[in-house]
Each structure stands twice: as structure tokens, then as C-alpha cells.
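Let's take a walk through this model together, from its interior out to its surface. Keep the 3D view open as you read.

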Amino acid sequence: MRLLLRAAAALTVLVCLFPVYWMVATAFRPSRDIQSYDPVLIPREWTLDHFRRAVEADGFGLFWRNSALVTLSAVLLALVVALGAAYAVARMRWRGRRQFMVAVFIAQMAPWESLVIPVYIISRDTGMLDRLPTLTLVYFMVTLPFTLVVLRGFIAGIPPELEEAAQVDGCTRTGAFRRVAFPLLAPGLMATSLFGFITAWNEFTYANFLIIKQQDSRTLPVWLSSFQSTFGTDWGATMAAATLFALPALVVFLALQRHVTSGLASGGVKG
């Protein structure tokens, strides 16, 4: 039985990783081999020309900066707001607390695509189209419910007696949280940060609909479509650009992956 489980796990990993491998391998293949009728698993020749075209493409540095600015701002804002709200829900008793959490769960379950038209109309009527702060607020709205739910469960898993002991020793409620509970939240903060970063970094629909006229305000996912033209798709440059686009998310994941599992598991300890 254990052997079957390991085989199933290995097959799952292989199926999940093969598209990523093919993307990276295609980025290194010469153009004449990419659409060959006799594809090979490992490229016979390797080239960096596709990466050179991707990096030298118009707007690469600018769009990379836009994506980083919007993503980091949205994640930081979601963490700050969700941390305060999660603490209030987990530690305090107030009327409407359960209804508030039900509303948060409903917001989390709503598909993002269903909100595109309302967000577009609101942005248009308020003069917020073609602005990076608009994208930041949208990504903040998208990542906030999940961040709040995970942090709320994580805070509920920390014994309140620890903060009460600090208050007995003279700390205020805020001071007790900052000195005692906050350091224990590191895994939860890492897990939610990773989710928020990947969600905002990869988002395409809102970036494509809300940034229409100001091309300089677009992000990397939209930039990837620049390798398509009336003459077809430059698959080598597209795969190289996609590889460069995936690198920041991969680096963030590798840096935080030790905390992700423990953070998500601890976040679901108590309701």
C-alpha cells in the first residue's frame, strides 16, 4: 500500500512539473527545433537568444517594476488590515462577529471574474482607470479574505494566557500582542504572504481590463502577450519571458516554503 501511495505521489509530481519543464526547455531550444515534427525531451542544442529577445523587448524593466510595486503593496496592505481584523475576531467578543466571518467566507468563495464588470464600472466612474493604485486596491480586495481567515485561525491557536501573563506584568493589550503573540505568528504571516504574492503576481484579467490607455502602467502578465503579432507567436521568446516571469514567484516560494505548511496547518486549528 505504501508503495502504491509513493508511486501515485511521484506520478502526480511528474504530471505537475512536466509543463514547467517543457516551458523552460523550449526557452533554451533553437527556433528551428521548437516546432519540429520530431520533438525531443532534452534539447540537442541550447541557446540564450530567446532570453535576450525577451529582456530587450520594450517595457520589460518597466513592467517588472510595476508588477513588483503593485504586488508588494497589495500583500503588505492585506497583511496589516487582516492582522487587525483577525485579532479582533479571534480575541474579542462583539455583536455580529459570526456574521462578519460568514461575509468574509462568502467574499472568499466569490469568483474573481464575476467582479470584473462592477470593478471596471466603478473605476471608470471614479476616474481610477489606467492607474496602478487601482490595481493595488483590487489585488488587496482579492487577497484580503484568505489572509484574514488564515490569520484568524492562527491567532486563535495561540493560548490567550500568554498575553494575559504579559498584561499582568505591566504590558498593555497592544504591547502584549506585539511582544508575545506577534512573534509566534511568523509561519502564518509567511503562508499568507506567499499566497498573496503568487495571486497578485500572476493576475492577468484585471490588469488587462483596468489598464487600457496607459501602456506604461501595465504589468508583466500583460507584457507576455506582446510576443503575439499578426505574423504569429514567437514561442521561443514567449517561453523565455514566461520563465523569467515565473522566477520571482519561485524564489519567494523557496524562501518561505519551510513556513508554508506549518502556517496553513496552524491556521486551521481553531474556528
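## Cores, salt bridges and a surface patch

This is a predicted model. A good place to begin is W223, which touches A54, A57, D58, G59, F60, F63 and A241, leaving aside residues up to four places away in sequence. W223 belongs to the largest nonpolar core, a set of 45 residues, and together with I155, L185 and W201 touches the most other members. Helix α4 (residues 60–91) gives the most to this core, with 13 residues. There is also a second, separate core of 16 residues, with L129, V138, V142 and A207 among them.

Next come the charged pairs. The count is four salt bridges, including these three:

| Salt bridge | N to O distance |
|---|---|
| R32 and E45 | 2.7 Å |
| R91 and E163 | 2.9 Å |
| D125 and R124 | 3.1 Å |

R32 sits in helix α2 (residues 31–34) and E45 in the loop between α2 and α3 (49–56), so this pair ties together parts 13 residues apart in sequence. R32 is exposed, at 57% relative accessible area, while E45 is partly exposed at 40%.

R91 and E163 are both buried. R91 lies in helix α4 and E163 in helix α8 (residues 160–168), so their salt bridge ties together parts 72 residues apart in sequence.

In the remaining pair of the table, D125 is exposed, with a relative accessible area of 57%, and R124 is partly exposed, at 45%.

Finally, look at the surface: F18, Y21, W22, L41, I42 and W46 form a nonpolar patch there, with about 630 Å² of accessible area together. F18 lies in helix α1 (residues 2–28) and counts as partly exposed because its relative accessibility is 39%.

Note on methods:
Residues are numbered from 1 along each chain as its sequence is written. This is a predicted model: local features need pLDDT of at least 70, side-chain atom pairs count only at pLDDT 80 or more; totals for chains, interfaces and linings use all residues. Side-chain values use heavy atoms; hydrogens and water are left out. Patches are made of residues with over 30% relative accessible area and no salt bridge: like charges are joined within 9 Å, nonpolar side chains (Val, Leu, Ile, Met, Phe, Trp, Tyr) within 5 Å. Accessible areas come from the Shrake-Rupley method with a 1.4 Å probe; for residues, only the protein chains shown count as cover. A salt bridge is a side-chain nitrogen of Lys or Arg within 4 Å of a carboxyl oxygen of Asp or Glu. Helices (H or I, at least four residues) and strands (E, at least two) are DSSP runs, numbered from the N terminus. Buried means under 20% relative accessible area, exposed over 50%, partly exposed in between (1.4 Å probe, protein chains only). A nonpolar core is a set of buried Ala, Val, Leu, Ile, Met, Phe, Trp, Tyr and Cys residues joined through side-chain atoms within 4.5 Å. Contact means heavy atoms within 4.5 Å.
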